[in-house]
Amino acid sequence: MSSVAIDFAAVNKSYRGKAVVNELAFTVAAGECFGLLGPNGAGKSTIVRMILGMVPPDSGQITVLGKQVPAHARLARAGVGVVPQFDNLENEFTVRENLLVFGRYFGMNAGEIGAVIPSLLEFARLESKADARVAELSGGMKRRLVLARALINDPHLLVMDEPTTGLDPHARHLIWERLRALLARGKTILLTTHFMEEAERLCDRLCVLEEGRKIAEGEPQALIIEQIGCDVMEIYGGKPQESIELIRPYAQRIELSGETIFCYAPDLEQVRKQLRGAVGLRLLERPPNLEDVFLRLTGREIEI
Amino acid sequence: MMRMTYGAAMPANASNWVAVWRRNYLAWRKVALASLLGNLADPMTNLLGLGFGLGLIVGRVNGTSYIDFLVGGMVATSAMTSASFETIYATFARMHTQRTWEAMLCTQLTLGDILLGEVAWAASKAVLAGTGITIVAAGLGYAAWPSMLYALPAIALTGFVFASLAMVIVSLAPSYDYFVFYQTLVLTPMVFLCGAVFPINQLPAAFQFVAGLLPLEHSIELIRPAMLGRPIGSVGMHIGALCIYAVVPFLLSVALLLRRLMR
């Protein structure tokens with residue numbers, strides 16, 4: 001196995017003259033969790049479809065698990081597990097039948113599939129639901145089944161398009177825990193997300209996208225230190241313009257997003273003092289995160 | 001412009017399609033009884049209603065009773081309808097709303113594998129419908145044993161033909177609303193033009209010529225004599241025509257769906 005799982009080199013794609021993927025280059029090393037982070041419309045799903053060979057690029061080279069894509073996408077996909085953005089489980093089938101049918105798509109015989117189903121059910125914490133119809137499962141259970149299904153061919157690489165979108169926090173944490181277990185087993189994961197928290201918790205490295213362009217790449221903490229490097233105060237309420245005038249001398253940088261002021265300053269105590277007289281303000285002090293990086297790089301908050 | 005090559009989208013090997021067929025079989029098994037009744041009720045009603053009712057007025061046709069004449073036409077028509085409807089409704093749903101193909105395309109299956117599995121499945125449903133009517137008709141004494149067994153491969157081929165043709169419609173239709181045109185402007189006229197319910201030698205010469213170009217005509221020319229226990233003429237020509245109607249639209253639908261789904 002090569003040490004590179006996915007390689008994009010100068011990849012372009014446009015629809016009706018509008019660039020959806022723009023001179024994109026990135027490399028995912030084997031065994032790492034790599035995140036594509038960006039708002040809706042940043043091109044994340046198109047990139048995922050390109051990895052799977054479903055969208056041919058206009059130009060550039062894509063290599064997945066050592067195979068040229070899309071020319072040899074079928075061979076590449078044999079070693080890939082996919083968690084799509086929208087559940088495409090068989091609703092009328094049971095959990096077990098879903099795994100069986102999917103295993104057959106990979107050319108596995110009944111014996112091979114039967115041998116891996118128990119461990120997949122255990123991994124997805126669905127042992128007690130093996131014979132339940134998918135329609136009876138909760139959203140979190142369905143997502144875990146999609147994850148189990150993606151593992152049926154024992155893939156080297158997992159490609160996940162927004163794996164936890166639409167899940168409640170409890171279900172989301174369970175998925176994150178399962179993904180960390182997969183990373184511990186040496187699997188490579190590429191995931192797209194617009195959840196900064198998800199990217200920070202899971203990704204070894206990530207690529208921040210805006211309108212199909214890479215605007216930053218690196219380790220989450222390194223990006224945060226490099227781009228922000230100080231604590232943040234979020235200021236809600238009052239008259240934003242007046243508050244900004246008060247704190248400007250003490251701030252390293254100020255961003256106004258909607259009605260919220262994001263104040264980046266080495267000494268937030270000074271900022272707090274300036275605002276002491278103002279009425280109706282709510283202040284939240286916190287360490288910087290990827291949300292701030294995104295705001296810094298694009299001048300806007302990530303829109304979901 | 002780097003294009004998806006048609007070669008990479010064609011069936012990858014001789015067995016991949018079976019997984020798709022088996023997926024559909026598993027889904028069908030859960031609703032088999034209702035599906036069987038639905039598939040058989042319509043053609044049986046037509047056969048008995050027209051056969052007895054119209055048969056009284058018509059008398060004998062081509063040297064046989066009208067209902068005996070009608071059996072071959074109804075078997076071919078039901079194979080056509082069954083394969084067509086399975087494809088334009090159920091297959092379209094699997095491509096579109098149910099996202100079944102989307103899941104399949106994430107595996108080592110190619111688009112061609114999926115289409116071949118779908119077409120084979122629709123042909124299987126045609127065989128089910130066609131043989132169902134054949135068995136009932138034989139039970140009632142309207143089909144000749146054992147020559148009606150020769151009809152089975154022709155029914156299967158008819159299923160492949162109309163599944164492939166419907167796949168082209170599926171690959172072009174933006175939504176379900178367009179399928180009704182295929183049904184009313186193509187399938188229904190074909191039933192009358194191709195001699196399913198009356199002999200085509202009653203039609204003007206121009207219409208007979210057109211009929212000779214249509215796939216259902218070739219199906220009926222193979223199935224009807226088998227049902228009546230008569231020798232089948234020009235077997236090679238009819239089978240050849242049907243094979244062209246099965247293969248060409250299939251290849252066309254792979255190309256069209258490649259452009260629709262993978263761009």
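Start by selecting Phe8(A) and Phe26(A): in this predicted model, Phe8(A) stands opposite Phe26(A), which sits in strand 2 of chain A.

Now widen the selection to the strands around this pair. Pick residues 4–15 of chain A, which form strand 1, and add residues 18–29, which form strand 2 of chain A. The two strands run antiparallel, and eight bridges join them.

Which order do the strands of the sheet follow? Reading across chain A, the order is 2-1-4-5, in an open sheet of four strands with antiparallel pairing. At its edges you will find strand 2 (18–29) and strand 5 (67–69) of chain A, each pairing on one side only. Turn the view to look along the sheet: neighbouring strands are turned by 25 degrees against each other on average, direction ignored.

Next, hide chain A and colour chain B by secondary structure. How many helices and strands does chain B have? There are 11 helices and two strands. Follow chain B along its sequence and you meet the pattern α-α-α-β-β-α-α-α-α-α-α-α-α, with the two β elements coming after three helices.

Zoom out to see chain B whole. Its C-alpha trace spans about 65 × 40 × 35 Å along the principal axes. A compact globule with 263 residues would have a radius of gyration near 18 Å, so the 19 Å of chain B agrees with that.

For a last stop, colour chain B by burial: 48% of its 263 residues count as buried. Then look at the contacts in chain B with a separation of 6 or more: residues 24 or more positions apart account for 80% of them.

Conventions:
Residues are numbered from 1 along each chain as its sequence is written. Chains are lettered from A and ligands numbered from 1 in the order in which they are written. This is a predicted model: local features need pLDDT of at least 70, side-chain atom pairs count only at pLDDT 80 or more; totals for chains, interfaces and linings use all residues. Two strands pair if DSSP finds at least two bridges between them. Axes are lines fitted to C-alpha atoms, for helices over the stretch in contact, and angles run from 0 to 180 degrees between N-to-C directions. The radius of gyration is taken over C-alpha atoms; the globule rule is 2.2 Å times the number of residues to the power 0.38. A residue is buried if 20 or more other C-beta atoms lie within 10 Å of its own, exposed if 12 or fewer, and partly exposed in between; C-beta atoms are placed from the backbone. Two residues are in contact if their C-beta atoms, placed from the backbone, lie within 7 Å.
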